[in-house]
Structure formats: structure tokens, C-alpha cells
Amino acid sequence: MKVELSRLASFAKEQGFIFPSSEIYEGVGGIYDYGPLGAELKRRIADLWWRAMTQLHENIVGLDSAILMHPRVWEASGHVEAFHDPLVDNKVSKKRYRVDTLIEDYAQQLEERARRETEKKLRKKESIIPLEEALVRHGDYQRAQRLRSQLNTAMAQKDWEALSRLLVEEKVPCPESGSTEWTAVRQFHLMFTTQLGALADEAQDIYLRPETAQGIFVDFPLVLKTARLKVPFGIAQIGKAFRNEIIARQFTFRMREFEQMEMQFFVRPGSEGEWYEYWKHHRRRWHEHLGLHPANLRFKDHEHLAHYAKAATDIEFAFSFGFKELEGIHSRTDYDLSRHALYSGKKLEYYDETLGQSYVPYVIETSVGLDRVVLAHLSQGYTEEMAPTAEGGQELRTILKLHPLLAPIQVAVFPLVRKEEFVQKARLLYEELRYHFPTAYEEKDSIGRRYRRYDAKGTPFAITVDGQTLEDETVTVRDRDSLAQIRLPMHQVRPYLQERLDIAQWLRTL
RNA sequence: GCGGGAGUAGCUCAGCCGGUAGAGCAUCAGCCUUCCAAGCUGAGGGUCGCGGGUUCGAAUCCCGUCUCCCGCUCCA
């Protein structure tokens, strides 16, 4: 039973995990804010990723590069070229095409047809007129030429209206449906632009990065030099990225402003295969050990590889709307570093002492969407189940079953009832525990209500001070998922919790 | 982008044969309460998504628009 996205969104809003951005102004599509609990959850996930990468691998270092970078970076990376294309949708087939390739392909078809027909005709007539000469008189050939010249003119002038007219006037059909009903041609900019420089007339267009990876590639020589690294080594970075998605959908799954956790691992050419396998499995293990169920995860190898990639796989999670990408692991060859070497004119090579030669390292990339990991944990953790009531009946209980290390509030301390002696003891315990764990104290409402309230926040441990505490200094520790309680001496509570909320121990399992 | 559904209190929703808004939960104050969303008293909180139209009067009828959700489509 998968929780519906709409239910999850309202739960996340109600509990303070995720809010729609600028809600009092009607919101902004595809942008969300993290509330008090969401901010905690998100930073815990980020922290465990950071530790798993940098702390656990002596050859991986961190980086925090700026969102704004030199515009040439995005020319080198291919983003400028790849994402400024005019697009059009066919109304019948619902397919979306790049207008230039659509028209070019159609022109090509027309020309081929004209050529075939003309050849046939000439052969039949046993004519001695040269093919090229006869061809120019063929209507389809003329149309093809006309299409091309108008396409080139419109593209050069970025005149999308002219392209729209061209599609209609020349009745360019959809390759899929044959339909000639098109939406207006529109240019989509994947990248957000802003201006560098305070004075408008001196300002230069600059992009908000669409991925954090390029900061790593661009800083490659500086990191290499200052961190005294030897191949193989990695650079890890967590940061915001921005994509002007045409349609932002599925809650926080596809956002226009989002956070990536990327690690680029630089290896000797020829060894990329084994490192690709290593990172594939290491990264999947990380997700599993944070509590994502193996059955909810799968690898999905890319069938069509990007031009720079040698191999690529996604780690997918079973969201309510299907298995979707959480993380990509890509074998990117030396494409990025070579491109930046070309565009910058700088050498981006590594001198390998053991080989006695220089080379451009190959790169294995692990790139995970932090927001998607948050969403995965909320999706999987959100649970509604029947629980016993005080009267002996059954009632629906809402629990957020997060891994204890991810819980925004890890411990809650309650006096069983709001009685001065209980309150004093409970406050004492709270004051001690807060130095070690994110801890909450609550005395309002009945104990049952308080338990349920913290179940919904994902708090794994609830400590209660009761009558017996006054006699023998013991308290109860309640487990969120099983509802089971154990009784511990007060002074043992901290070590008990520390054992269960120990990051070092968790890291050892990776 | 297309099709369907929905926007009323923080959340879930009722009210919609037109007469200027209600419930439960949540929040706050207090009482009561010895282990799983108990009870009582009181309080705060709403431009009924937005704009326009019809009307003496619109949450309710009409038009437009925005946003969200679901499906399809798209996604370096």
C-alpha cells in the first residue's frame, strides 16, 4: 500500500516537513520549502551522505563551489547548446519535437522522394538530362529547399513565430501520427539566467548552475594540488541546482530548485569499469542501510547513453507513481575534463608516477537528488495502522517510520501526567539528553496523545517519567514502531540511546 | 502540452435549489487525568484561490484566470 502523493503532501505540510513555496501568494509551481521537521530530516540525510563519502573514504575530499560560475563553463559542458532548442508539440500524437530536426528530417524525406521519382522518370524516358538538373524542377525538391532556407533564416533570427507558420503552411506532418496540428513553437531554457553586475547596461548574463558537477570539474586542478591527492580519488559536493523544468510535477520529485549530492571519482583510464561497479553497489548499500527497503530499490541501466557516457545506471525507488530515479551512477569517461581543457586552454591532466606519464582521468559520477531521498523516506515511512486504544478498542495510528538516525526529533521526554514531581524529573532528564540528541519535552495532553503525536513526527524513542520513577529512579522507554516499553534506570537512558543513535556504528555497516 | 478531478479555518471536510460561514481534529489558557489520539470550560483563527459578470443581495449562478492532484506525454 503506497501512500498517495496528495495525502503525503498534506501530511508533510501539516507536520512541518514540506511547505509549498510562497503559499500566501498562491505559491510557485515546482518550488517547495522545508519546514522545521523537513529541514532537520534533510540535513541528517545530507550529513550521513557527507560522512559516508568524505569521512569513510580517505581519498575523497569535499568541495563547496559557488552556484554562479563563468558562462563559458556551460558552453564547455554542453548545457548551453543542448537546452536552448525551440520545441513544438503535436496535438494528436502528443509528441514533442525539436522544431529544427523535425523540419530538417521532413525536408530530407521530401528530397529523397523527389530524387527517387526523378531517377525513375529519367530512366523510363531514357533521358540524357543530368539528374541534378531534372531534380530542381521537382516540386518536392523545391519544397525541401524552401523549408531549409526558411528554417535557417528563422533559426538565425530566433523567429519562433515564423517557424510556427512554416510548420502550418508547409503541412509538416508528425512522424508518429501524420497529423499537422501543432502547438505554437516555443523555446525552452533549461537554465535560469540572471545578471552579473549591478548596473544593467554593464550586466552580463550568467546562469544558475543546472548541476553541481561542473564546479567539481572546474576546480579539479586546484583540489588536486591543494589536497595532495593521487588517482583514484574523489571530490564530493552538496549544493543547490536549478532547472527550469517545463512541467514540474509529483510534489518534490521534480523541482525547479533542488539540491544535489554529487561525487566525481577520478580514475585511471582502463580502470573505470571496476570503479563503476564499486560505486553502483556502494551507493545502493547506503540507501538500504538508511532503511529504504531492498524491494523498493532497483537498478535501471540506461539504454540510450549520453554522448559522453560509457555506462550509466539509475538507482530507482518505488514511489507511489512508480519506480523513479533517486540517483544516477555514470561512467563519464574524460569528456568533462577534456572539454574544459579545450574551452579554458588549461591543462587538466594528472601525472601518474607509477605509470610515469600524464593523462586525463576518467570519471565515475554518483549523483543523488537530496530532495528525492527525503521524499523516498517520507513515502516509505508514512504508515497508517491499527493500534490499541485505552478502552481496549482499535484506532488508526499514523506513524512516520524513519530510520532513527534520520528522525528530526530522536527522543521525546514526557511526564506521565502534569504533576510537579513528574515534571521535575522529566525536565531533569530532558536537560541532560538534549546535549546528545535532538530531544523534545512535552507535558500537554494525555500520554497516549503525546505518543501518537510524536509517532507522526517519526520520533523513535519516547521516555516517560511515572509514579515508579519517584520510588526507584527508573523510567520507561517506548519504541515507536512496536509500542513495546522497557524500564531503565534513569542514568542508563543516555547510554541506551547512544548505542542506538550512534553514527559511527552505522558507518561501520556500510 | 492534453484529458479528468479539486480549491471554504493549520489539517480533513460540510454548507452550494442565492439571504454576508460551520463541524471534527489541531492551536492557546485553565480544570481534570497514573501508559497509547479520554473528558470539561473558555479563547483565537476564514479577503470561501483570484478577477469580472448577473442580482437588492453570491461560498452558492455565469464567464475568465491561477494553483494543486491523478493519468498520459516529456525529462541532459
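Me: Rings of Phe, Tyr and Trp (for Trp, its six-membered ring) pair if their centres lie within 6.5 Å; planes under 30 degrees apart count as stacked, over 60 as edge-to-face and the rest as tilted. How many aromatic pairs does a search of the whole structure find?

Reply: This is a predicted model, where local features need pLDDT of at least 70 and side-chain atom pairs count only at pLDDT 80 or more, while totals for chains, interfaces and linings use all residues. Residues are numbered from 1 along each chain as its sequence is written, chains are lettered from A and ligands numbered from 1 in the order in which they are written, and side-chain values use heavy atoms, leaving out hydrogens and water. A search of the whole structure comes up with this many aromatic pairs: 22.

Me: What kind of pair do F265 and W279 form?

Reply: Their ring centres are 5.3 Å apart, with 65 degrees between the planes. F265 sits in strand β10 (residues 257-267) and W279 in helix α11 (residues 272-289), 14 residues apart; helices (H or I, at least four residues) and strands (E, at least two) are DSSP runs, numbered from the N terminus. Both F265 and W279 are buried, where buried means under 20% relative accessible area, exposed over 50% and partly exposed in between (1.4 Å probe, protein chains only). With those planes, the pair is edge-to-face.

Me: And which kind of pair are Y350 and Y359?

Reply: Y350 counts as buried at 8% relative accessibility, and Y359 does at 9%. Their ring centres are 5.8 Å apart and the planes meet at 55 degrees, so this pair is tilted.

Me: Which residues of the largest nonpolar core have the most contacts inside it?

Reply: A nonpolar core is a set of buried Ala, Val, Leu, Ile, Met, Phe, Trp, Tyr and Cys residues joined through side-chain atoms within 4.5 Å. The largest one has 65 residues, and its largest share, 8 residues, comes from helix α2 (residues 36-55). The residues with the most contacts inside this core are F17, I45, W49, M261 and W286.

Me: Where in the structure is T54?

Reply: T54 is buried, with a relative accessible area of 18%. Leaving aside neighbours within four places in sequence, T54 is in contact (heavy atoms within 4.5 Å) with I60, V61, G62 and A236. Its place is in helix α2.

Me: How far apart are the C-alpha centres of domain 1 and domain 2?

Reply: Chain A is divided into domain 1 (36-70 + 209-382), domain 2 (85-187) and domain 3 (397-508), and these bounds come from an automatic or database domain assignment. Between domain 1 and domain 2, the C-alpha centres are separated by 41 Å.

Me: Is L147 buried or exposed?

Reply: L147 is found in helix α7 (residues 139-157). Not counting neighbours within four places in sequence, L147 touches I103, Y106, A107, L110, L166, E170 and V172. Its relative accessible area is 0%, so L147 is buried.

Me: Which residues are exposed on the other side of α14?

Reply: The buried residues of α14 (residues 420-433) are F422, V423, K425, A426, L429, Y430 and L433. Seen down the axis, those residues fall within an arc of 170 degrees, so they line one face of the helix; the arc is that of the directions from the helix axis to the C-beta atoms. They pack against several elements, including β19 (411-415) and α17 (490-500). On the other side, the exposed residues are E420, Q424 and L428.

How values were computed
The expected span of a helix is 1.5 Å times one less than its number of residues.
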